Amino acid sequence: MTTLENKVALVTGATSGIGKATALALGKAGAKVVFSGRRAQEGEATAALIRNAGAECLFVRSDVSSEEDVKALVQNTIATYGKLDCAFNNAGIEPPAKPLHEQPVEDFDKLMSINVRGLFLCMKYEIQQMLTQKSGVIVNNSSMGGLIAFPGVSPYIASKHAVMGLTRSAALDYAKQGIRINAVNPGLIATAMMDRFSSGSADDFASMVPMGRMGQTEEVAQAVVFLCSDAASYITGQPLVIDGGFTAN
């Protein structure tokens, strides 16, 4: 039931990390994949991976903080494949680790423009299309930081709590209209973002995880594939935590 044959999937922030792994996993599950990012060279490299796996795909260079870019991304998806069955809103950035009073206002504004406003824009235009189809699935990338808190990264934590608020409220708005909306909440995942976030000492975090290891991007990707599939047809408004037991500890 996790097959996505004849489905069209959209992924933002898919030139690296979790987004890249998810675009590839969706393609392997049978979906036609439209994916976006700001770096064209990395986007074309991701497209080659997806095509080599036997799937159709389209890379669209875009910035989710731009409303015009987001509108064009959804329009390109419809113009190319005629519909939008599922979307993974993954694009996001992390702030420098500093106490709140040392956080520059411009860094806060940039983070919110991508992590919150960008996600809002993606949902807005994805939902508009899905309402015309009377069906669709949206998965938002939050974080275990959308459920708990850590010191030194209050803007990031605020942004990911906002993702959960948007996810849950929108799920209630559209539950009776054939649209399911959920979130994945990754924990400590081995990505370049985690390396930056931890100043290159991400592997040291493995001892903090009950399972004793960092998570892999493919493990998050498979959770997204599941939530996009009919196997998750009775799930909406929920966080799916992928953290090796961190938040249960």
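The following exchange asks how some descriptions of this predicted model are justified.

Student: What makes the protein as compact as a globular protein of that length?

Tutor: Its radius of gyration is 17 Å, and the globule rule gives 18 Å for 249 residues; the two values are close, so the description holds. Along the principal axes, the C-alpha trace spans about 45 × 40 × 35 Å.

Student: Which pattern do the helices and strands follow along the sequence?

Tutor: The protein has 7 helices and 7 strands. In sequence order they read β-α-β-α-β-α-β-α-β-α-β-α-α-β.

Student: Why is helix 1 called roughly parallel to helix 2?

Tutor: Helix 1 (residues 17-28) and helix 2 (residues 40-52) pack at about 25 degrees, with axes 9 Å apart. Angles under 35 degrees count as roughly parallel, so helix 1 is roughly parallel to helix 2. Their crossing is right-handed.

Student: How do you know that helix 1 and helix 2 meet, and which residues are involved?

Tutor: Contact means heavy atoms within 4.5 Å. Lys20, Ala23 and Leu24 in helix 1 meet Thr46, Leu49 and Ile50 in helix 2. By class, this contact has 4 nonpolar, 1 polar and 1 charged residues. Ala, Leu and Ile count as nonpolar and Lys as charged, whereas Thr falls among the others, which count as polar.

Student: Where does the name "Ketoreductase" come from, and what does the span contain?

Tutor: UniProt, in an unreviewed entry, places the feature "domain: Ketoreductase" at residues 7-187. That span is 50% helix and 18% strand, and its end C-alpha atoms lie 28 Å apart.

Definitions and conventions
Residues numbered from 1 in each chain as written. Predicted model: local features only at pLDDT ≥ 70, side-chain atom pairs only at ≥ 80, totals over all residues. Heavy atoms only, no water. Axes fitted to C-alpha atoms, helices over the stretch in contact; angles between N-to-C directions. Helix = DSSP H or I, 4+ residues; strand = E, 2+ residues; numbered from the N terminus. Parallel < 35°, antiparallel > 145°, perpendicular 65-115°, else oblique. Left-handed = near helix turned anticlockwise from the far one by under 90°. UniProt positions renumbered as here; feature names shortened; annotations may be inferred. Rg over C-alpha atoms; globule rule 2.2 N^0.38 Å.
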